[in-house]
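Student: I would like to take a close look at a single part of this structure. Could you please guide me through one place where two helices pack together?

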Amino acid sequence: LKPAAAAYLEGLNAEQRRAVETTDGPVLVLAGAGTGKTRVLTTRIAHLIATARARPFDILAVTFTNKAAREMKARIGALVGPAGEGMPWLGTFHAIGTKILRRHAELVGLKSDFTILGTDDQIRLMKQVLADQNIDEKRWPARALGHAIDGWKNRGLGPEQVPPGESGAFAFGKGGALYTAYQARLATLNAVDFGDLLLLCLKLWRENPDVLENYQQRFRYILVDEYQDTNVAQYLWLRLLAQGHRNVACVGDDDQSIYGWRGAEVDNILRFEHDFPGAAVVRLERNYRSTGHILAAASGLIAKNEGRLGKTLRTEDEPGERVTISGAWDSEEEARLLAESIESLQAKKHPLSEIAVLVRISAQMREIEDRFVQLGLPYRVIGGPRFYERAEIRDALAYLRITANPADDLAFERIINTPKRGLGDATLQQLHGYARAERIPLLLAACRLVETDELKPRVRSTLRALVESFSRWARAVEKMPHSEVAQTILEESGYTEMWQKDRSADAAGRLENLKEFVRSMEEFPDLAGFLEHVALVMDASEAEGAERVSLMTLHAAKGLEFDTVFLPGWEDGLFPNQRALDESGRAGLEEERRLAHVGLTRARKRAKLSFAVNRRIHGLWSSTIPSRFIDELPEASVDVIEAPAHFSAGASRFDRNPQPFGSSYGTPGWQRAQANTNASNAAGGGRGFGSAPGGRAGARSGGPRQIEGELIAKSTGSA
Ligand code: ATP
Ligand code: MG
């Protein structure tokens, strides 16, 4: 006698049901976007609990983001009702790793209240390690060491496991030793970094088989979402845990592997079948998310990749609207058209929460955000701070705020030692003491202190140079276009250089954001107007309310879905991104194409691509050509809405070689832009005025007294 299927199973197709009901033994669900992989995982958990195969705490489920974990918790709650017995262990690899490590901290030489260092602290610590070993940080930047160590950790390699050839790659063969020293420093601080959260679990389990066995017994069922983006350390972690009951279900899509640059390995999918022989492999082919045209466009595009496991996708949905492609004259017009399009959807009662804008790089967000703010369109940025809240933008803003208002103590504190110039906490305390006693702002206190002999000589001369710089910059604001002053400030202060020397993965993105920041200033008549605008934008971010457009990078959009998806910036060089092509060649291009595929498949009903024929790259205008990905979309599923008149269709859908506009992103224009930046750096700040960075001021700057006078005039004048 077979009981009627439980409600939660209703509506699943046969293959989905098989994936849910094959509870015992390893299961691999390999299927395309929108086929219900995540839904299968959620239903599987409900099924395990409802059929009493497992209690919630027997289950471990791994998601790719915290947001996904929260959503899955909510869905499970809805499926099984208020769970009396608690929830499964459900979270990202890092979150679960942390939970395990806290319980057994002593076994890996930590206390259970260990701290988890963020990137900044991690780098600070590496600087100390480099200094201890007398390694010149200018030559061997801490961030480069950080990058190497993160890479080893992603591959599950502890200091003693680094292959000899690689450990020699840093600082004349000291890589491995530095890694060891860094781990020792972490241990004395009772701290770990992100990579350790998994690596130390591996160590814990290797050295304490009884602990491992305990977890292997405990987790009767293990489930993993977005499996294609696991790195080696995560894979090893999973394989160890799953050896107990071997009831492990992984779902993934090789066509959505987009974190190769962070150590993810698609090969983990192939490894799975090898390490878990006899695994049931389920393929889901029906897409429940997108309409016909969107799916056809996405499938046509990804078919151009060679390295694929290959699969088919079909929908029983109607064809729906074609994917639209619109061209704009420049990125500003693109943002305007995009916002207008959103407003007209809004007028037709489409909820804003069902609209997403997905960009390739975060610097693209600035113009779009500005437009939203102007129109009063509520939006949220997912997976990262809003443009003006990014650390590098806040730093740049701090420099400008002091220039406009020398009494801005918060801004001064933020940048007095950023970039590092030897004005640390001790100096700041001295300044604070003095400023409090005299009831004056910090910058003025600095001005006066450098005239006394209370400061150490080196501190004194550095601080003097800084004060003089601010005075110079404040005067420049009155004479030069404010965006040029900003550019000069960033160069002369050494701030741009700090990121140029930085070899971490996000440094290039930060430099792009800084360029975009300077560029954005040109739209305002003066510095005060610009700062007011920024204050307004920052304030707008406080506004709450559920109905908001979502803005995020393509990377952050994984697993999500929206009725309408806007995909701006489809231009060669931007997308596919030139850096990915330069660094990884063909593999890079394929990863970019997967990213485009992820973007398109987020859309349920509408996908709207756009490109601009002119875009500023590294501060210089370049004409661009539409992304090669646009040409790869099947003609029958796209609609060209409006291409700028001067950009009429040629042999191809768009003339991909528009002579009148000269060079493109990928080729000379791009390089020229880069060469120019380098040249102006080499010239020591290019269009600088007054003295060179950090140098003693010449006669023009006058003595500190004069500077003080200027600063006071400035601060009272602008008050
Ligand atoms: P991605 O690869 O993008 O993460 P996915 O394979 O995880 O996609 P889901 O997010 O689980 O796909 O499902 C996509 C959409 O299809 C969801 O809205 C889901 O509720 C719906 N869906 C999945 N299976 C079915 C079904 N059998 N009947 C109706 N809707 C379904
Ligand atoms: Mg999913």
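Tutor: The following account treats one helix pair and then turns to the sheet and the ligand. Please bear in mind that the model is predicted. Two packed helices are described by the angle between their axes and the distance between the axes. For helix α13, residues 292-302, and helix α25, residues 578-600, the angle is about 175° and the axes are 9 Å apart. Angles over 145 degrees count as roughly antiparallel, and α13 and α25 are therefore roughly antiparallel to each other. On the side of α13, the residues in contact are Ile294, Ala297, Ala298, Leu301 and Ile302. They meet Arg593, Arg594, Ala596, His597 and Leu600 of α25. Sorted by class, this contact comprises seven nonpolar residues, one polar residue and two charged residues.

The sheet offers another view of how elements are arranged. Six strands form an open sheet in the order β3-β2-β6-β7-β1-β8, and their pairing is parallel. Strands β3 (89-91) and β8 (280-282) stand at the edges with a single partner strand each, so one side of each has no neighbour in the sheet. Within the sheet, β6 (residues 221-224) and β7 (residues 248-252) run parallel and are joined by three bridges. Val224 has Cys250 in β7 as its bridge partner.

Finally, there is the surroundings of ligand 1. Of the 18 residues around ligand 1, those that come nearest are Gly36, Lys37, Thr38, Arg39 and Tyr288. Helix α2 (residues 37-50) supplies the largest share of this shell, three residues. By class, the shell around ligand 1 has three nonpolar, ten polar and five charged residues.

Methods:
Residues numbered from 1 in each chain as written. Chains lettered and ligands numbered in written order. Predicted model: local features only at pLDDT ≥ 70, side-chain atom pairs only at ≥ 80, totals over all residues. Near = placed C-beta within 6 Å. Helix = DSSP H or I, 4+ residues; strand = E, 2+ residues; numbered from the N terminus. Nonpolar A, V, L, I, M, F, W, Y, C, P; charged D, E, K, R; others polar. Axes fitted to C-alpha atoms, helices over the stretch in contact; angles between N-to-C directions. Parallel < 35°, antiparallel > 145°, perpendicular 65-115°, else oblique. Contact = placed C-beta atoms within 7 Å. Pairing = 2+ DSSP bridges.
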